[in-house]
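I opened this model to look up its strand pairing, its turn residues, its surface and its charged pairs. My entries follow in the order in which I looked.

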Amino acid sequence: MKTTKVGFGVTKNLGNYENFRIYIEADLEPGEDCTLALDFLRTRVAAEAGFPQEYLDLRSKVFDAKCELSVLVRKLEEVKLDLEVATSKWSNLVNYFSSSSN
């Protein structure tokens, strides 16, 4: 799938049953990274909506959580590898004793 256009919007509650909606859309140039363009649109919408600090704080927390998740996934892969090695060694030991008792 080729992405040629990205957009981002937000609806802000103003109270008294009133809302403020901002939506920005961008056409992508050939080869342009849609993730970077979308990130730019998010930042622009947050600034226009009047809550850049809230957004930046939340963005920072999400980034930190993604980094922590990445570390945990890497550690989990290491533990899975250790478990495979231990399981293989256990299996070899069981096979050794099984063949030795015969």
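The entries below start with the ground rules and then go through the strands, the loop, the salt bridges and the surface patch.

**Ground rules.** I am working from a predicted model, in which local features need pLDDT of at least 70 and side-chain atom pairs count only at pLDDT 80 or more, while totals for chains, interfaces and linings use all residues. I number residues from 1 along each chain as its sequence is written, and I take side-chain values from heavy atoms, with hydrogens and water left out.

**Entry 1, the strands.** I took helices (H or I, at least four residues) and strands (E, at least two) as DSSP runs, numbered from the N terminus, and I called two strands paired if DSSP finds at least two bridges between them. Strand S1 covers residues 5–15 and strand S2 covers residues 18–27, and I find the two paired in the antiparallel sense over ten bridges. To fix the register I noted individual partners: Lys12 is bridged to Phe20 in S2, and Gly9 has Tyr23 in S2 as its bridge partner.

**Entry 2, the loop.** Which residue in the hairpin of S1 and S2 takes a positive phi near 50 degrees? I find that it is Asn16, in a hairpin with two residues between the strands. Asn16 is not a glycine, although its phi is positive, and its place is in the loop between S1 and S2. Tyr17 is found in that loop too, and it also has a positive phi, of about 60 degrees, without being a glycine. For accessibility I used three classes: buried means under 20% relative accessible area, exposed over 50%, and partly exposed in between (1.4 Å probe, protein chains only). Asn16 is exposed at 71%, and Tyr17 is exposed at 85%.

**Entry 3, the salt bridges.** I counted a salt bridge when a side-chain nitrogen of Lys or Arg lies within 4 Å of a carboxyl oxygen of Asp or Glu, and this rule gives four salt bridges. One of them joins Lys5 and Glu25, whose closest N and O atoms are 3.6 Å apart. This pair links distant parts of the chain, with Lys5 in strand S1 and Glu25 in strand S2, 20 residues apart. Lys5 also forms a salt bridge with Asp27, again with the closest N and O atoms 3.6 Å apart. Here too the pair links distant parts of the chain, as Lys5 lies in strand S1 and Asp27 in strand S2, 22 residues apart. I read Lys5 as partly exposed at 45% relative accessibility and Glu25 as partly exposed at 44%, whereas Asp27 counts as exposed at 57%.

I then turned to Arg44 and Glu48, whose side chains meet in a salt bridge of 3.4 Å, N to O. They are separated by about one helical turn because they lie four residues apart in helix H1 (residues 34–49). Arg44 is partly exposed at 42% relative accessibility, and Glu48 is partly exposed at 44%. Returning to the strands, I noted that salt bridges with shared partners join Lys5, Glu25 and Asp27 into one network.

**Entry 4, the surface patch.** I took patches from residues with over 30% relative accessible area and no salt bridge, joining like charges within 9 Å and nonpolar side chains (Val, Leu, Ile, Met, Phe, Trp, Tyr) within 5 Å. Accessible areas come from the Shrake-Rupley method with a 1.4 Å probe, and for residues only the protein chains shown count as cover. Trp90, Leu93, Val94, Tyr96 and Phe97 form a nonpolar patch on the surface, with about 560 Å² of accessible area together. I placed Tyr96 in helix H2 (residues 52–100), and it is exposed, with a relative accessible area of 51%.
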